[in-house]
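Me: I have a protein open on my screen and would like to talk it through before I go back to the bench. Could we start with the surface and then move on to single residues?

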Amino acid sequence: MSSAIRPRRSVLYMPGANARALDKARSLDADVLILDLEDAVAPDAKAQARSQVAAALREGGYGRRECVVRINALDTPWGRDDVQAVARAGADAVLLPKVQSAAELGALAQALDAAGAPAGLPLWAMAETPLGFLRLDAIACGHPRLAAIVVGTSDLVKDLHARHTPSRDETLLARSLAVMAARAHGLVVLDGVHLDLHDDAGLAAACRQGRDQGFDGKTLIHPKQIAAANAAFAPTEDELASARKRLDAWRAAQAAGQGVAVVDGALVENLHAEEAERVLALAAAIARA
C-alpha cells in the first residue's frame, strides 16, 4: 500500500506568466505545483506563460514536487497550443478546467497523444460548474488516465449565485459529490482554495474541514498557505499511535483465529485495520518526501 500513496496535502497554483514565481516554486514545501496557464494568466500573457512553463519544466529542479500544468480548455483560442507546448515538457499530469463530460477528457488524451506526450500521461479534471458536479460520477469513470478531481469552489459559488461563508455550507453538497465520485473510482480528490490571505484561522479551519470530509489535500493560492495544509492533511502523532495499536491488535486477533479485536473498549474489524494501514502508509510517504 505504501508504494501507491503519494502525499498531496498542499497543492499550490503558480501563475505561468510569473517567471520569478516559477523559479521560487523549486524551494517551496508544497507537495504539488499547478503551473497555471488558465485563470491566473491574462489573455495577452497566454503565449508568454505557455513558453515559460514549458521551459521551467524542461529545466527541472522541482525535486519531489509533483508538477501539474493547468491548460486552457480545448475550445478556447489557447488550449490546443497549450497542449502542443506542454505535451513533451515533462509535466507529471495535465489539468483540464471546467470539465463537464467524459468526452472532454477523451479529447484531451487524443490531443496529448497526437502532440507526442508520454504514453499514459495522467489527466486531472477540475469540477467547478453545476453541470460538472452533477455529472461527476460519469466523469470520474470516463477515462482510464484520469487520476484526480480538483474542486473549484470559486467558479462554482459564482455560478450558483451563492455567497462565500465561513462554514462553506454553500459548497457542501458539491464537495461531498466530488469526494464520493473520487472514492468510488479510485481517484485523488483535492479541495478548493481559501481566498482570504489574511484569515489564518479561517484557512486552518477550512483545511481541517476538508480533511475531515475526506479530501486528500487542499489547493492553495499563496505560499504562506502551505504550512497549514501540510499540517492538516498529515496524520498526527496521536493518530499514528492509535493506528499502530489497532493494527497490532487486529493482527494478533487474526493470528489467534479471531475475527475481531478490542482496543480501549472499541471494536476493531477488518475495515479499521485497512484504514490504519492507509494512515501509516501516508505517514511513511510524507517522511520519504
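Reply: The accessible surface of the protein comes to about 13,300 Å², and 53% of that belongs to carbon and sulfur atoms. Accessible areas here come from the Shrake-Rupley method with a 1.4 Å probe, and for residues only the protein chains shown count as cover.

Me: Before I go on, what kind of model is this, and how are residues numbered?

Reply: This is a predicted model, in which local features need pLDDT of at least 70 and side-chain atom pairs count only at pLDDT 80 or more, while totals for chains, interfaces and linings use all residues. Residues are numbered from 1 along each chain as its sequence is written, and side-chain values use heavy atoms, with hydrogens and water left out.

Me: OK, how much of the protein is buried?

Reply: Buried residues make up 48% of the 289 residues, where buried means under 20% relative accessible area, exposed means over 50%, and partly exposed lies in between (1.4 Å probe, protein chains only).

Me: And which domains does it have, and how far apart are their centres?

Reply: The domain assignment gives domain 1 (10–233) and domain 2 (237–288), with bounds that come from an automatic or database domain assignment. Taken over C-alpha atoms, the centres of domain 1 and domain 2 are separated by 33 Å.

Me: What about overall dimensions?

Reply: Along the principal axes, the C-alpha atoms fill a box of roughly 65 × 40 × 35 Å. The radius of gyration is 20 Å, which agrees with the value near 19 Å for a compact globule with 289 residues; the radius is taken over C-alpha atoms, and the globule rule is 2.2 Å times the number of residues to the power 0.38.

Me: How many helices and strands are there?

Reply: The protein has twelve helices and ten strands, which are DSSP runs numbered from the N terminus, with helices being H or I of at least four residues and strands being E of at least two.

Me: Let's pick a residue. Where is D155, and what does it touch?

Reply: D155 is in helix α7 (residues 153–160), and it counts as buried because its relative accessibility is 16%. Not counting residues up to four places away in sequence, D155 touches D39, K98 and E128, where contact means heavy atoms within 4.5 Å.

Me: E128 rings a bell. Which residues does P97 touch?

Reply: With residues up to four places away in sequence again left out, P97 touches E38, R70, I71, N72, A73, M126 and E128. P97 sits in the loop between β4 (93–96) and α4, and it counts as buried at 2% relative accessibility. P97 and A115 are 18 residues apart in sequence, and their C-alpha atoms are 19 Å apart in space.

Me: Is D113, in that helix α4, buried or exposed?

Reply: Neither, since D113 is partly exposed, with a relative accessible area of 42%. D113 lies in helix α4 (residues 102–114), and its C-alpha is 9.6 Å from that of V83, with the two positions 30 residues apart in sequence terms.

Me: Switching topic, what is the phi of H161?

Reply: Phi of H161 is near 60 degrees, a positive value in a residue other than glycine. Most residues other than glycine have a negative phi, and most peptide bonds are trans. H161 is in the loop between α7 and α8 (172–184), and at 72% relative accessibility it counts as exposed.

Me: And R168, what is its phi, and is it buried or exposed?

Reply: R168 also has a positive phi, about 60 degrees, although it is not a glycine. R168 is found in the loop between α7 and α8, and at 10% relative accessibility it counts as buried.

Me: Last one, what is R64 in contact with?

Reply: Leaving aside neighbours within four places in sequence, R64 is in contact with R6, D29, A30, D31 and A289. R64 is in the loop between α2 (46–59) and β3 (66–70), and it counts as partly exposed at 30% relative accessibility.
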